[in-house]
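Dear colleague,

I am passing on the structure we spoke about, so that you have the sequence and the coordinates to hand while you read. Below it I have set out what was found about its charged side chains.

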Amino acid sequence: MPLGAGQHSEASNTRSSGKKTQHRRMCQSVERTPTWERILKSIEIAKTNGAKYRLGPELEICGYGCADHFYESDTLLHSFQVLKKLLESPITKDIICDVGMPIMHHNVRYNCRVLFLNRKILLIRPKMLMANHGIYREVRWFSPWNQLRKVEEYFLPRMIQEVTGQDTVPIGDCVLSTKDTCIGTEICAELWNPRSPHIEMGLDGVEIFTNSSASHHELRKADQRVNLIKSATSKSGGIYLYANQRGCDGDRVYYDGCAMVAINGDVVAQGAQFSLNDVEVITATADLEDVRSYRGELCQPHMQSETKPCHRVKVDFSLSTGDDLYLPTHQPITWHFHTPEEEISLGPACWLWDYLRRSGQAGFLLPLSGGVDSSSTACIVHSMCVLLCQAVQDG
């Protein structure tokens, strides 16, 4: 199965025939400015690469850094207007699209994933475990969905009903069951929690885990992400797709991507951590039979249905076809970690360029006193210029 991962969005395509589940492609890409045009661009690239599932980063439609603008009804309204554009676009045909946006249900605001296919919304999955430490203040704007295994009906706004023909769709703690596999969703901080949803989902037979994230850059944080994802799939097997925001959110925070695809404890595809590209898509090829064999050999005594099994939303759609039987699978890679010095140089440099272009200013005033602070600042600005010139040369 071909798989892919990137910085802003992710997609997958799986193929199976008879008893043999064939290869599956999953693509993931990351946008620094999550406008609907760039979301569509990432979907288009994913489809070109043969993908059947596309996942974007956390709250990609409106942006993660809206802060108290999440209180405004216009933020919700405009998010649905963008969702309508995505639903109506021919680019989103024949591919499961997974986008992030805020949704209000029973007058409670949730941080959600919306999965749709061919102008029909399949399910809405709210975030269950919130990030509320360090720079994060999610509980200020959102409530967690704390009803384990509970699914309710969400009444769609009229503008969406006119496109989909649906009055209500499932919202809650559920997974997506296609004709050939089962896909479960985690959202950012849920991966870092000691009771991560992927644990019980995996024990209940979910084979593919997706994580849409808005994880900011900290020194050596990439090491933690890689270790968490490798651990998540080494304990009980499975395929993990990780998509993260990348770029400046207009404030002091920089999101550094690090998209990846992992299977059974091994990373098989890696996206760039620091880049000026607006959209990046990476692809890999993996085989679901590797997951099933891994679980059958190492995890058989523990693989059993939970007391409350996952609510499965069935969709008459397959991520796999019969023509990818002989596709070679991607082999494990060694993750390339930047040195601390490289991170200090590249992270702030990318933030400076993003902030400059978003502000619409002509440039920076760089006052230098001659001390170590000035020297460091000058080096970071130089790093920004090098990255920018290289991006121009690359078209």
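A salt bridge is counted here when a side-chain nitrogen of Lys or Arg lies within 4 Å of a carboxyl oxygen of Asp or Glu. Please bear in mind that this is a predicted model; by that criterion it holds 21 salt bridges, and three of the pairs are described below.

In the pair formed by Glu60 and Arg54, the closest N and O atoms are 2.9 Å apart. Glu60 is buried, with a relative accessible area of 0%, and Arg54 is buried as well, at 1%.

Asp68 pairs with Arg140, again with the closest N and O atoms 2.9 Å apart. Because Asp68 sits in the loop between β4 (53-55) and α2 (73-88), while Arg140 belongs to helix α3 (residues 138-141), this salt bridge ties together parts that are 72 residues apart in sequence. Asp68 is partly exposed, with a relative accessible area of 34%, and Arg140 is likewise partly exposed, at 47%.

For Arg357 and Asp278, the closest N and O atoms of the salt bridge are 3.4 Å apart. Arg357 lies in helix α8 (residues 340-359) and Asp278 in the loop between β17 (266-270) and β18 (279-287), so that this pair joins parts 79 residues apart in sequence. Arg357 counts as partly exposed at 29% relative accessibility, as does Asp278 at 22%. Both residues also belong to a network of salt bridges that links Arg38, Asp278, Asp354 and Arg357.

With best wishes

Notes: Residues numbered from 1 in each chain as written. Predicted model: local features only at pLDDT ≥ 70, side-chain atom pairs only at ≥ 80, totals over all residues. Heavy atoms only, no water. Buried < 20%, exposed > 50% of the residue type's maximum accessible area, 1.4 Å probe, protein only. Helix = DSSP H or I, 4+ residues; strand = E, 2+ residues; numbered from the N terminus.
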